[in-house]
Amino acid sequence: MRTEKEQNLLLRALDAFKRKIVVISKDFRILASAGVDSLISGESPSGKCCHKVFYNRPEPCDNCPAKKVMETGKPSLRDLSSSSLSKQKRSCLYAYPITDDDGSEVMTIFNFELPALDGLEEELRRANSFLY
């Protein structure tokens with residue numbers, strides 16, 4: 001068990017983290033969040049469905065990593081990029097199961113970026129040209 005000081009420091013670290021982190025229930029309602037201060041209307045996102053808040057969708061996305069976690073009980077990664085060889089950073093959603101204070105399974109989802117494989121294809125072509 002963490003001390004109150006440790007908990008406060010971890011909460012400050014989450015608040016300073018520049019990524020969205022949400023904890024959602026099995027019905028996709030936001031239970032807690034960091035990096036998501038409020039909705040455009042100024043309201044807290046807590047209690048609202050994540051798919052409505054982040055994607056303005058009436059139901060969860062087909063490739064939602066939280067749905068995969070519910071099906072498998074294991075962490076899931078969703079690549080939001082259209083191409084892994086793009087010059088842009090790759091944006092991803094990662095979801096994993098945790099239990100709440102009551103022992104119920106809930107999901108944590110956070111977004112992050114992977115460095116793009118900048119110029120990898122061109123580098124491979126150059127390397128291959130030296131082989132012939």
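These are my notebook entries on salt bridges, backbone angles, the nonpolar core and cysteines in this structure, which is a predicted model.

**Entry 1. Salt bridges**

I searched the whole structure and found one salt bridge. It joins the side chains of Asp-27 and Arg-29, with an N to O distance of 3.8 Å. I then looked up how accessible the two partners are. Asp-27 is partly exposed at 46% relative accessibility, and Arg-29 is partly exposed at 36%. As background, I note that side chains of opposite charge can pair when their charged atoms come close.

**Entry 2. Positive phi**

Most residues other than glycine have a negative phi. I therefore wrote down residues that depart from this pattern.

Phe-28 is not a glycine, yet its phi is positive, about 70 degrees. I placed Phe-28 in the loop between strand 1 (21-24) and strand 2 (30-34). Is Phe-28 buried or exposed? Phe-28 counts as buried, at 10% relative accessibility.

Asn-56 also went on the page, with a positive phi near 50 degrees. I found Asn-56 in the loop between helix 2 (50-55) and helix 3 (65-72). Asn-56 is exposed, its relative accessible area being 56%.

**Entry 3. The nonpolar core**

Which residues have the most contacts inside the largest nonpolar core? I read off Ile-24, Phe-28, Ala-66 and Ile-109, in a core of 14 residues. Two or more residues each come from strand 1, helix 3, strand 4 (90-99) and strand 5 (105-114). Phe-28 thus turns up again: the loop residue with the positive phi is on the list of residues with the most core contacts.

I followed Ile-109 further, leaving out its neighbours within four places in sequence. Ile-109 contacts Lys-20, Ile-21, Val-22 and Ile-24, and also Ala-66, Leu-93, Tyr-94 and Ala-95. For context, nonpolar side chains in soluble globular proteins tend to be buried together.

**Entry 4. Cysteines**

How many disulfides are there? I count zero. A disulfide would be a covalent bond between the sulfur atoms of two cysteines, and the cut-off I used is a sulfur pair within 2.5 Å.

I checked why Cys-49 is unpaired: its closest cysteine sulfur, in Cys-50, is 6.9 Å away, too far for a bond. Cys-49 is buried, with a relative accessible area of 16%.

For Cys-64 the closest cysteine sulfur is in Cys-50 too, at 5.9 Å, so the distance is again too far for a bond. Cys-64 counts as buried, at 11% relative accessibility.

Note on methods: Residues are numbered from 1 along each chain as its sequence is written. This is a predicted model: local features need pLDDT of at least 70, side-chain atom pairs count only at pLDDT 80 or more; totals for chains, interfaces and linings use all residues. Side-chain values use heavy atoms; hydrogens and water are left out. A salt bridge is a side-chain nitrogen of Lys or Arg within 4 Å of a carboxyl oxygen of Asp or Glu. Buried means under 20% relative accessible area, exposed over 50%, partly exposed in between (1.4 Å probe, protein chains only). Helices (H or I, at least four residues) and strands (E, at least two) are DSSP runs, numbered from the N terminus. A nonpolar core is a set of buried Ala, Val, Leu, Ile, Met, Phe, Trp, Tyr and Cys residues joined through side-chain atoms within 4.5 Å. Contact means heavy atoms within 4.5 Å.
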